Amino acid sequence: MKPISLLRSIFTVGGWTLLSRGAGFARDMMMAAYLGAGPIADAFNVAFSLPNMFRRFFAEGAFNMAFVPMFAKKLEGGEDAHGFARDAFNGLAAILIVFSIIGTIAMPWLVWAMASGFAQDQRFDLAVLYGQIGFNYILFISLVALLSGVLNAHGHFTEAGFVPVLMNLIFIAMMLLATQFGWDMGLTLAWAVPITGVAQLAFTWYAAAKLGFSFAPRWPKMTPELKRLAIIAGPAILSGGVVQINMLVGRQVASYTEGAVSWLVYADRLYQLPLGVVAIAIGTVLLPDLSRRLRAGDEAGGRESFNRGTELALALTFPCAVALMVIAMPLTAVLYQRGAFTADDTAATALVLAIYGAGLPAFVLHKVYQPLYYAREDSRSPFRFAVVSMIINAVIAVGLMPYIGFAAAALATTLAGWMMAAQLWLGTKRMGDAARFDTRFRSRAPRIIIAAIVMGFALYGAQAALGDMLASDGWRYAGLALLIATGVLSYYAAGSAIGAFKLSDFRNLRKRK
């Protein structure tokens, strides 16, 4: 098997991630313009979140975390990797066919469990209809995740990386067709979900077939390898369940305010852009190195990787967090406010975005701290921490809802994220020097924070100075570009002046193996 080029793979995955996020953002901008944050948007967002929520159980979460390492090991050892992948494919398909049928029949109960606040108005019936049309997406996208794991194990990151881009392109095309032919936009989006799933499965199926992996549907059989796969996937299902319960609580709280579900979704798209790109960069470049060194007993090397990973996370996410909090309003207004998306929708989405921004560093720090546990084969501690965070999330979201409304869901997510980060950090105290901050980090961390705060003041001033341009239909994109450029330049200037970072630090990341 041809060796995987680490550097090329990192840039490939990162590039496709950026393209996917950009296409997804374009999709959401169109949805905001066509639907605003009204009942159809709320209903579709809840309906679409149901198969995606369960997908994280069956595919991208528990199943794939167990399948990919086992498949890669068989591939390297010259064992029957093809047979193992085929058995896993058929077993997963059988489970999900049954689950899709049950879920479609039980859709009214699923919608009530996700958004009981819909029960009093038209959003409930719409969400049930859209959900019944698109719930089978879980079958297609879960099989796509398995096939993507096969492709990634062979170093074919481009094909797997194109899958989410394909989804967003199909959604965009369907909305354009609906506008052209006068189709009902809500139903068009609902039917776009299964159409997207079929297209994604066909694409990855063809890509895997080109590698010699054919997946003809067969009656599943329980082999010893699949039993082992199920055992390994069990703990991951529990951890994934905690995350999904947090999301469920947030949707429930938001469902009692019309438009709030959509406000959360639109804000999440902006917040996920820096989160996704930074987390992937850290996960693919630094964290595997950390795990490898710790398993090899290289305490000094492990400490170096941990410190540089934490430093990079802070340097990239803290200024993004400050920016999301300071310029949440112009960001939301310029990118979303058009068509059916009103000024009131902008204000509500900007509020959620600012709250999410405050939690951005915490969620990236999860990616730095968790490998310290997994490298020591300790999966129980992160699970316990996740349960505590889940309880905190539920208490804050439900407890504050009568006082601050839908914003309680966003605030609960942010505070629970910081609690999880704090628990992960405190848990490393027993791990020795490998989890200790070194002199360089202790020197640079406060300087990074100061540079980001300076950037925040610069953004605040620039926002006031560019107010007329940001409000003008013809110039608002140029105004936003100037605003972002001001933030980047001021952060870099302040950081360089006080020694928060050096350009060579980021160049050196390219040399890490």
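This section describes the overall make-up of a predicted model, two of its helix pairs and four individual residues.

The protein chain contains 21 helices and zero strands. Of its 513 residues, 53% count as buried. When contacts in the protein chain are restricted to pairs at least 6 apart in sequence, 83% of them join residues at least 24 apart.

Two packed helices are described by the angle between their axes and the distance between the axes. Helix 18, formed by residues 439–465, and helix 20, formed by residues 476–497, have axes that come within 8 Å and cross at roughly 150°. Helix 18 is therefore roughly antiparallel to helix 20, an assignment that applies to angles over 145 degrees. The crossing of helix 18 past helix 20 is right-handed. On the side of helix 18, the contact involves I448, A451, A452, V454, M455, A458, L459, A462 and Q463. These residues meet L483, T486, G487, S490, Y491, A494 and G495 in helix 20. By class, the residues of the contact of helix 18 with helix 20 comprise eleven nonpolar and five polar, with no charged residue.

A second pair is formed by helix 6 (residues 122–134) and helix 9 (residues 185–210), whose axes come within 7 Å and cross at roughly 25°. Because angles under 35 degrees count as roughly parallel, helix 6 and helix 9 are described as roughly parallel to each other. Helix 6 passes helix 9 in a crossing that is right-handed. Helix 6 contributes L129, Y130, I133 and G134 to the contact, while helix 9 contributes G186, L187, A190, W191, V193 and P194. The residues of the contact of helix 6 with helix 9 are eight nonpolar and two polar, and no charged residue is present.

Individual residues were examined next. L360 is located in helix 15, which spans residues 343–374. The relative accessible area of L360 is 0%, and this residue is accordingly classed as buried. With residues up to four places away in sequence not counted, L360 touches Y271, P274, L275, T317, C320, A321 and L324. One of these, L275, is 85 residues from L360 in sequence, yet the C-alpha atoms of L360 and L275 are 6.7 Å apart in space.

N52 belongs to helix 2, residues 39–58. With a relative accessible area of 10%, N52 is buried. A polar atom of the N52 side chain lies 2.9 Å from the backbone oxygen of F48.

D438 is placed in the loop between helix 17 (407–427) and helix 18. This loop residue, D438, is buried, its relative accessible area being 13%. Apart from neighbours within four places in sequence, D438 is in contact with R303, E304, N307 and R308.

I105, in contrast to the buried residues above, is exposed, with a relative accessible area of 61%. I105 lies in helix 4, which covers residues 81–105. The separation of I105 from V128 is 23 residues in sequence and 10.0 Å in space, taken from C-alpha to C-alpha.

Note on methods:
Residues are numbered from 1 along each chain as its sequence is written. This is a predicted model: local features need pLDDT of at least 70, side-chain atom pairs count only at pLDDT 80 or more; totals for chains, interfaces and linings use all residues. Side-chain values use heavy atoms; hydrogens and water are left out. Axes are lines fitted to C-alpha atoms, for helices over the stretch in contact, and angles run from 0 to 180 degrees between N-to-C directions. Helices (H or I, at least four residues) and strands (E, at least two) are DSSP runs, numbered from the N terminus. Angles under 35 degrees count as roughly parallel, over 145 as roughly antiparallel, 65 to 115 as roughly perpendicular and the rest as oblique. A crossing is left-handed if the near helix is turned anticlockwise from the far one by less than a right angle, and right-handed if clockwise. Contact means heavy atoms within 4.5 Å. Ala, Val, Leu, Ile, Met, Phe, Trp, Tyr, Cys and Pro count as nonpolar, Asp, Glu, Lys and Arg as charged, and the others, Gly among them, as polar. Buried means under 20% relative accessible area, exposed over 50%, partly exposed in between (1.4 Å probe, protein chains only). A polar contact is a pair of N or O atoms within 3.5 Å; within protein, one must be able to donate a hydrogen and the other to accept it, and residues adjacent in sequence count only if both atoms are side-chain atoms.
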